[in-house]
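Here are my notes on the model you sent over. Have the structure open while you read, as the points go from strands to rings to pockets.

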Amino acid sequence: MSLQKITRLPSARLLTSILQHQNQLLLPSIPPLTVPRRSASRDEYRRPGQPKEDKFPWQNINFDFSKGLQGIKRNAMLLKKEFSDRWVGPEGKPLLDHMLEQNQVLWEFRGPESLQQWTVSSDREIGGQSEVHLKLGKNTNTCFLYGTLSSTPPRDGETRYSGYCTMRSQQPLASFDRKKHHDWSSFNTLHLRVRGDGRPWMINIATETYFSHQRDDVYGYFLFTRGGPYWQDIKIPFSKFFLTHRGRIQDDQHPLWLDKVNTIGFTLGDKADGPFQLEIDYIGVCKDYAHTEEFAYETYKRNPEI
């Protein structure tokens with residue numbers, strides 16, 4: 001059969017048209033994906049609602065010569081105090097006073113400088129609508145935490161829940177920004193003097209951890225305020241605090257590590273939209289000899305002892 005007869009067949013005509021237009025039918029070459037700038041050197045994760053910042057880490061640092069001199073002076077004074085306190089006793093107290101101490105006031109609000117030890121935050125950081133403020137009371141002897149709670153989630157397509165306000169103490173630092181911890185091993189009870197508006201709060205205590213995946217582990221317990229003009233003296237044993245991870249109660253519970261306490265905080269998230277207020281006189285710890293409980297919750301062992 002000749003070539004002319006083959007091209008007259010329908011199937012041959014279709015094959016010929018495909019061969020003639022093969023350049024048009026083939027997909028164009030896909031260019032390589034472009035990698036965003038500095039994606040390999042910096043983590044690209046950001047919280048929902050936060051705008052993306054295209055800056056190098058050192059661009060946010062304020063290089064000020066006078067600020068550096070002040071930092072050197074402050075660290076030198078802290079280092080001198082550390083050496084002098086070691087000759088006196090634990091935390092700069094005589095050994096006998098440290099052993100017989102039954103009450104210790106950790107935070108009291110007696111001036112504007114006392115507010116610098118605390119940090120407030122809310123869901124506004126992720127696009128929420130809650131507001132929180134911190135100031136001194138009318139007599140400048142108390143701390144007044146107030147604001148407005150809103151459980152409306154941000155319209156970013158990612159966040160599903162919202163509505164929280166937090167007040168948290170800062171991490172204590174030694175000289176040259178070395179980590180320092182609160183040692184509460186001589187006490188067994190947290191002592192507060194507060195005046196609230198009837199809302200339930202959550203007290204959060206963060207301790208030092210061994211591994212990086214434990215950095216969100218926090219011990220928590222409830223703080224119930226009754227409202228009204230009267231003050232409340234609240235005592236919460238440390239044995240009542242339970243372990244949570246990102247707000248979820250863990251099955252594996254263990255007592256609070258009292259000699260490595262980093263921060264303490266107060267969180268409001270009762271889903272009741274509206275104004276709130278909490279006034280704090282002081283925060284301390286005490287030794288209650290009538291309380292003998294070591295831990296209030298059941299602990300599990302993978303291989304029980306026989």
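The points below cover the basis of the model, its strands, its aromatic contacts and its two largest pockets.

1. First, the ground rules. This is a predicted model, in which local features need pLDDT of at least 70 and side-chain atom pairs count only at pLDDT 80 or more, while totals for chains, interfaces and linings use all residues. Residues are numbered from 1 along each chain as its sequence is written, and side-chain values use heavy atoms, with hydrogens and water left out.

2. I'd start with β13 (residues 274-286). Helices (H or I, at least four residues) and strands (E, at least two) are DSSP runs numbered from the N terminus. In β13, 11 of the 13 residues are buried, so the rest of the structure largely encloses this strand. Buried here means under 20% relative accessible area, with exposed set at over 50% and partly exposed in between (1.4 Å probe, protein chains only).

3. Which strands does β13 pair with? Two strands count as paired if DSSP finds at least two bridges between them. β6 runs antiparallel to β13, with eight bridges joining them. β4 (residues 143-149) is also antiparallel to β13, through seven bridges, and β1 pairs with β13 in the antiparallel sense over five. For landmarks, try Arg193 with Tyr282, Leu190 with Val285, Thr148 with Pro275, and Val105 opposite Gly284.

4. β6 (residues 189-196) deserves its own look: six of its eight residues are buried, so this strand too is largely enclosed by the rest of the structure. Besides β13, β6 pairs with β9 (residues 232-237), antiparallel and over six bridges. Leu192 has Ile234 as its bridge partner in β9.

5. Next, the open sheet of seven strands. Its order is β2-β5-β12-β7-β8-β10-β11, and the pairing is antiparallel. β2 (118-122) and β11 are the edges; each has a single partner strand, so one side of each lacks a neighbour in the sheet. At the β2 end, five bridges hold β2 and β5 in antiparallel pairing, and Trp118 has Ser169 as its partner in β5.

6. On to the rings. Rings of Phe, Tyr and Trp (its six-membered ring) pair if their centres lie within 6.5 Å; planes under 30 degrees apart are stacked, over 60 edge-to-face, and the rest tilted. That rule gives 15 aromatic pairs. One of them is Trp201 with Phe276, where the centres are 5.8 Å apart and the planes stand at 70°, so the pair is edge-to-face. Trp201 belongs to β7 and Phe276 to β13, so the contact ties together parts 75 residues apart in sequence. Trp201 counts as buried at 2% relative accessibility, and Phe276 does so at 3%.

7. There is also an aromatic cluster, formed by Trp184, Tyr221, Phe222, Phe224, Phe238, Phe241, Phe242, Phe295 and Tyr297. Separately, Lys287 lies over the face of Tyr289, at 5.7 Å from the ring centre. The test for a charge over a ring is NZ of Lys or CZ of Arg within 6 Å of the ring centre and within 35 degrees of the ring normal.

8. Now the largest pocket, with about 2,000 Å³ of space. Of its 47 lining residues, Tyr164, Thr166, Arg246, Gly247 and Thr267 are the closest to the centre. A pocket, on a 1 Å grid over the protein atoms alone, is an open set of points where a 1.4 Å probe fits, with protein on both sides within 12 Å along at least five of seven lines; lining residues have an atom within 4 Å of a point. The volume is the space filled by probe spheres set on the points, which are joined across faces, edges and corners. β5, β7, β8, β10, β11 and β12 each supply at least two lining residues, and β7 gives the largest share, seven.

9. The second largest pocket comes to about 1,600 Å³. It has 38 lining residues, with Pro172, Leu173, Lys180, His181 and His182 nearest the centre. α4 (65-88) and β1 (103-108) are the elements giving two or more residues to this lining, and the largest share, six residues, is from α4.
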